[in-house]
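Me: I'd like to learn how to read helix packing, nonpolar cores and odd backbone angles in a model. Could you take me through one?

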Amino acid sequence: AASLPKLALLLEVLKLAHKGEFSLTDKIEVKDVQKVGGCGALKSFPGDLDVEIETLCRLMITISDNTATNALLRFVGFERIQRDFKEMGLQKTRFERCYFDDEAQERGLSNYVCPAEIGMLLEQIYRRQFCCAEVSAKAEEILLLQQIRHKIPGYIDKNAKIANKTGESGNVTHDGAIVFAKKPFVLVICSEDTDVPETERFMREIALEIYNQNNI
C-alpha cells in the first residue's frame, strides 16, 4: 500500500471533525518514542509534541509524514477506521498497522490499497460528493498543497492545478491525482515489484498524454 491509503485516512478524519466528534484545532500528543522513520518533519523536532489535528493531516498528505499518520491512526483507532472505510465503499483499501511497526508486520499485518477505490474517492472529492461539499473542498485544498510532484504532475504544465497523493516504498510506487485540465480527469497508477524510475517515467508520460487530450 505504501502511503496511498493516507488519502482515505484524511477523508475519515475530516468527516469525523465535520460530524462534531472533535475539532481540527484539537491537539494530539506525539511522544518522542512514537516518532518513526521515512518521510516526515515531526521526527526532526526534539521531545514530546502537541500537534493540531489539521496540521497532522497536512503533514500526512503534503510530505507523507509517517509519524503524523501514525498519530491519526491511533487517535481514530483501527476498529473505527475499518468500519468507516467499509461505509465509504472501500472493500480492499485498509489499515492493519501503523507505519514502521515491525512487530505488527512480523505478525502478518499490513496495509492495502486498491487503485479503483482511490479513484472513486478522488472523483467524489472533485464532485463535492464525499460527505458534503465542505469536507470535499477541504480535502481538495490539502491535496493541492502536495509537495511530491515528480510522478503524475511531472511533465504537465507547472501552472496546471493538480491535487494528488503519492506512495512509495522499495520497489513500490503509486500516485493518484485529480488533474484539472479543461476536461478534468482522475488518474491513479499503482505498481509493485517494479523498476521504480522506469515506472515513474511511464506515469509522467501517460499523465501528459491524457492531459493533452483533455486540455484542448
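**Helix packing and cores**

Reply: Let's start with a pair: α2 and α3 pack with their axes 8 Å apart, at an angle of about 130°. This is a predicted model, where local features need pLDDT of at least 70 and side-chain atom pairs count only at pLDDT 80 or more, while totals for chains, interfaces and linings use all residues. Residues are numbered from 1 along each chain as its sequence is written, and side-chain values use heavy atoms, with hydrogens and water left out.

Me: What are the axes and the helices here, and how do I read the angle between α2 and α3?

Reply: Two packed helices are described by the angle between their axes and the distance between the axes. Axes are lines fitted to C-alpha atoms, for helices over the stretch in contact, and angles run from 0 to 180 degrees between N-to-C directions. Helices (H or I, at least four residues) and strands (E, at least two) are DSSP runs, numbered from the N terminus. Under 35 degrees is roughly parallel, over 145 roughly antiparallel, 65 to 115 roughly perpendicular, and the rest oblique. So α2 and α3 are oblique to each other. Their crossing is left-handed (near helix turned anticlockwise from the far one by less than a right angle; clockwise would be right-handed).

Me: Which residues make the contact of α2 with α3?

Reply: Contact means heavy atoms within 4.5 Å. From α2 come I53, L56, C57, L59 and M60, and from α3 come A68, T69, A71, L72 and F75. By class that's 9 nonpolar, 1 polar and no charged residues (Ala, Val, Leu, Ile, Met, Phe, Trp, Tyr, Cys and Pro count as nonpolar, Asp, Glu, Lys and Arg as charged, and the others, Gly among them, as polar).

Me: How do α1 and α4 cross?

Reply: Their axes come within 11 Å and cross at roughly 95°, which means α1 is roughly perpendicular to α4. A8, L9, L11, E12, K15 and L16 of α1 touch R80, I81, D84, F85 and M88 of α4. This contact has 7 nonpolar, no polar and 4 charged residues.

Me: And what about α1 and α7?

Reply: Here the axes come within 10 Å, crossing at roughly 140°, so α1 is oblique to α7. The crossing is right-handed. L7, L10, L11, L14, K15 and H18 in α1 meet E134, V135, K138, A139, I142 and L143 in α7. The split is 8 nonpolar, 1 polar and 3 charged.

Me: Which residues have the most contacts inside the largest nonpolar core?

Reply: A nonpolar core is a set of buried Ala, Val, Leu, Ile, Met, Phe, Trp, Tyr and Cys residues joined through side-chain atoms within 4.5 Å. Buried is under 20% relative accessible area, exposed over 50%, partly exposed in between (1.4 Å probe, protein chains only). The largest core here has 50 residues, and V13, L56 and L72 have the most contacts inside it. α1 gives the most to this core, with 9 residues. Apart from it lies another core, of 13 residues, including I152, I156, I189 and Y211.

Me: What does L72 contact, leaving aside neighbours within four places in sequence?

Reply: L72 is in contact with L9, V13, I28, I53, L56, C57 and M60.

Me: Which residue between α4 and α5 should I check for backbone angles?

Reply: Try F100, in that loop. F100 isn't a glycine, although its phi is positive, about 65°. At 48% relative accessibility, F100 counts as partly exposed. Then there's D193, in the loop between β5 and α8, with a positive phi near 50°. At 64%, D193 counts as exposed.
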